[in-house]
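Student: Please take a close look at the salt bridges in this model, and at how exposed their charged partners are. I would then like to follow the charged side chains into the empty spaces of the fold.

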Amino acid sequence: MKRFRRLRQNEIIRDLVRETRLSVKDFIYPIFVVDGENIKVPVTSMPNVYQYSIDRLSEILDEVRDSKISGVMLFGIPKSEDKDEYGTQAYAEDGITQRAVRYIKKNYPEILCITDVCLCEYTSHGHCGVVKEGEILNDETLPLLSKMSVSLAKAGADMVAPSDMMDGRVSAIREALDEAGFKNTPIMAYSAKFASAYYGPFRDAAQSAPCFGDRRSYQMDFTNAKEALREIQSDIEEGADIVMVKPALAYLDILKEACQKFDIPIAVYNVSGEYSMVKAAAMQGWIDEKRIVTENLVAMKRAGANIIITYHALDMAKWLNE
């Protein structure tokens, strides 16, 4: 009789034959930066997550540096009165995200700084593109996303990550970066980004809920798997250096297929709703948070993720370092 249990007898043997291992270097931690001074505001729907003004960023960046994780992903939030129809603060030289990037690269050069590229946090209507008569326009949005990417690269961003889901935006951004002298700035494309209910807490954190309608005309229908693979292939052909599947847990099948089909680094975004559900259950004492988070993140890596963007990054780094 084959005895599989021989290799499960104790922790030393189990560790010896373990197939999937997490490393602190797998993780990217999302940070929300707001315009203003002396601000550290808790995100009520995301326990232990905060909005920071630049003068208080060191409080979280010190933790990031000490954790040894690979880096951060920045989401900038301008003042409400500075938002407009075209999201001009997204590509302003003195925009909140541009200033945050400069601060990080000056004071924490060892931290990889990835910047989200989208207009939704900066527009008065909350949509990810230019709006005309209630329609989100694709081609008219591409030059603005390109300007934003170039401005962030000029500020010192190590990587740009377009999350808007406009068709053709990767090639437009790649061309703009190359023309501006940033041929070595990588693009991490949100390639298979689904129109998901799991984003709810993020919209509280980023103050980016749309004022009308929803985002289903540009984000993917969550029922479609083959379309996700076509989106990923298209972004690769347009010049993406890394592609992403978002959300994570309900889309591990997409992640697995993508990893089997494409020979390119693949990221997964363990999104706000996934994070908040675990935190809420743990706060009630219903689950063992450390074991649940570990199991979830291992599942993402086992499915093929090279990079895991997660609000659990600092917790997981602490547990791994222990």
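Tutor: R56 is partly exposed, with a relative accessible area of 22%, and it is not classed as buried because that word is kept for values under 20%. The model is a predicted one, and every value here is computed from it. The partner of R56 is E59, and the closest N and O atoms of this salt bridge lie 2.6 Å apart; E59, at 32% relative accessibility, is likewise counted as partly exposed. This pair belongs to a total of 17 salt bridges in the structure.

Another of these bridges brings together the side chains of D241 and R174, at 3.7 Å from N to O. Here distant parts of the chain are linked, since D241 sits in the loop between helix 7 and strand 10 (242-246) whereas R174 belongs to helix 5 (residues 169-179), 67 residues apart. The two ends are not equally accessible: D241 is partly exposed, with a relative accessible area of 34%, while R174 is buried, at 12%.

The bridge between K279 and E289 has its closest N and O atoms 2.6 Å apart, and it joins helix 9, which holds K279, to helix 10, which holds E289, across a separation of 10 residues. K279 counts as buried, at 4% relative accessibility. Elsewhere, salt bridges with shared partners tie E11, R14, D15, R18 and R21 into one network.

That network leads to the largest pocket, a space of about 340 Å³, because D15, R18 and R21 are among the residues that have an atom within 4 Å of a point of this pocket and so line it. Helix 10 (residues 289-302) contributes the most to the lining, with 6 residues, and by class the lining holds 4 nonpolar, 2 polar and 6 charged residues. The second largest pocket, at about 280 Å³, has 16 lining residues, with Y29, N48, E63, L314 and D315 nearest its centre. Its main contributor is helix 2, with 4 residues, and its lining divides into 8 nonpolar, 2 polar and 6 charged residues.

Turning to enclosed space, the structure holds 2 cavities of 30 Å³ or more. The largest cavity has a volume of about 120 Å³; 16 residues line it, and those closest to its centre are C120, K193, F202, R215 and K246. Strand 9 (188-193) and helix 6 (200-206) are the elements that give two or more residues to this lining, which is made up of 7 nonpolar, 3 polar and 6 charged residues. The second largest cavity, of about 30 Å³, has a lining with 8 nonpolar residues and no polar or charged ones. Strand 1 supplies the largest share, 4 residues, and Y29, which lies among the residues nearest the centre of the second largest pocket, also lines this cavity.

One charged residue stands apart from the bridged pairs above, namely E231 in helix 7 (residues 226-238). E231 is buried yet forms no salt bridge, the nearest side chain of opposite charge being R169 at 5.2 Å; the pair does not qualify because a salt bridge requires the nitrogen and the carboxyl oxygen to be within 4 Å. With neighbours up to four places away in sequence set aside, the contacts of E231 are M165, S191 and M220.

Terms used: Residues are numbered from 1 along each chain as its sequence is written. This is a predicted model: local features need pLDDT of at least 70, side-chain atom pairs count only at pLDDT 80 or more; totals for chains, interfaces and linings use all residues. Side-chain values use heavy atoms; hydrogens and water are left out. On a 1 Å grid over the protein atoms alone, a cavity is a set of points where a 1.4 Å probe fits but cannot get out, and a pocket is an open set with protein on both sides within 12 Å along at least five of seven lines; lining residues have an atom within 4 Å of a point. Grid points are joined across faces, edges and corners, and a volume is the space filled by probe spheres set on the points. Ala, Val, Leu, Ile, Met, Phe, Trp, Tyr, Cys and Pro count as nonpolar, Asp, Glu, Lys and Arg as charged, and the others, Gly among them, as polar. Buried means under 20% relative accessible area, exposed over 50%, partly exposed in between (1.4 Å probe, protein chains only). Lys and Arg count as positive and Asp and Glu as negative; His and the chain ends are not counted. Contact means heavy atoms within 4.5 Å.
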